[in-house]
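User: I'd like to get better at reading strands and metal sites straight from a model. Could you walk me through one?

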Amino acid sequence: MNDIQYPIKGACQCGKVTYQLLAPPVMIAACHCKQCQKLSTSAFSITAMVNTNDIRFSGEMHEWSRLADNGNTNGAKFCPGCGNRIYHFNPNDPDKIKLKPSTLSDSRVIQPSMHIWTCEKQEWFVIPPGVDTYEKQPF
Ligand SMILES: [Zn+2]
Ligand SMILES: [Zn+2]
């Protein structure tokens, strides 16, 4: 992935929310929990942990939050125009956000090094070799 050039632009499906990712994500994980299956309308969702200082958003976002199993608040920002989820955040940990990286223009970035909540994984999905796996939430 050495030839990936930053900043990388991102946008929701309708284009009302745009952003620039200035530096590589700290970590990329695929989450197989049931909540992420609902969110992604697929078998898992992909999250890129990004330093808040490494990303610049523009466009109005709406907000929703839920209480996670571990007691943390999961805040979610989404586009009011198309409903695309843009990122998640923990209000008690403002230095990092969990970007939904499928909105990036250069999708080569989106290679999970970690698969989590594999206890709720769809049986037909085979985890690729060489990645870390966790039955639940490792962090
Ligand atoms: Zn949109
Ligand atoms: Zn999940």
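User: How many residues lie between E8 and E9 in the hairpin they form?

Analyst: Keep in mind that this is a predicted model. Six residues sit between E8 and E9 in that hairpin. Strand E8 covers residues 85-89 and runs antiparallel to E9, with two bridges joining them. To see the register, look at tyrosine 87, which stands opposite leucine 99 in E9.

User: Which other strand pairs with E9, and over how many bridges?

Analyst: That's E4, residues 45-51, which pairs with E9 in the antiparallel sense over four bridges. Here you can take valine 50 as your marker: its bridge partner in E9 is isoleucine 97.

User: Which side chains of E9 are buried, and which are not?

Analyst: The general idea first: side chains in a regular strand alternate between the two faces of the sheet. Now follow E9 through residues 96-99: Ile97 and Leu99 are buried and point to one face. Lys96 and Lys98 point to the other face and aren't buried.

User: On to the metal. What coordinates the zinc ion (ligand 2)?

Analyst: Look for the SG atoms of Cys31, Cys33 and Cys36, at 2.1 to 2.3 Å from the zinc ion (ligand 2). Along the chain, these donors follow the spacing C-x1-C-x2-C. Water is not among the atoms, so a site like this may look incomplete.

User: Are cysteine 31 and cysteine 33 buried or exposed?

Analyst: The cut-off for buried is under 20% relative accessible area. Cysteine 31 is buried because its value is 7%, and cysteine 33 counts as buried at 10%.

Conventions: Residues are numbered from 1 along each chain as its sequence is written. Chains are lettered from A and ligands numbered from 1 in the order in which they are written. This is a predicted model: local features need pLDDT of at least 70, side-chain atom pairs count only at pLDDT 80 or more; totals for chains, interfaces and linings use all residues. Side-chain values use heavy atoms; hydrogens and water are left out. Buried means under 20% relative accessible area, exposed over 50%, partly exposed in between (1.4 Å probe, protein chains only). Two strands pair if DSSP finds at least two bridges between them. Donors are N, O and S atoms within 2.8 Å of the metal (3.2 Å for Na, K and Ca); water is not among the atoms, so sites may look incomplete.
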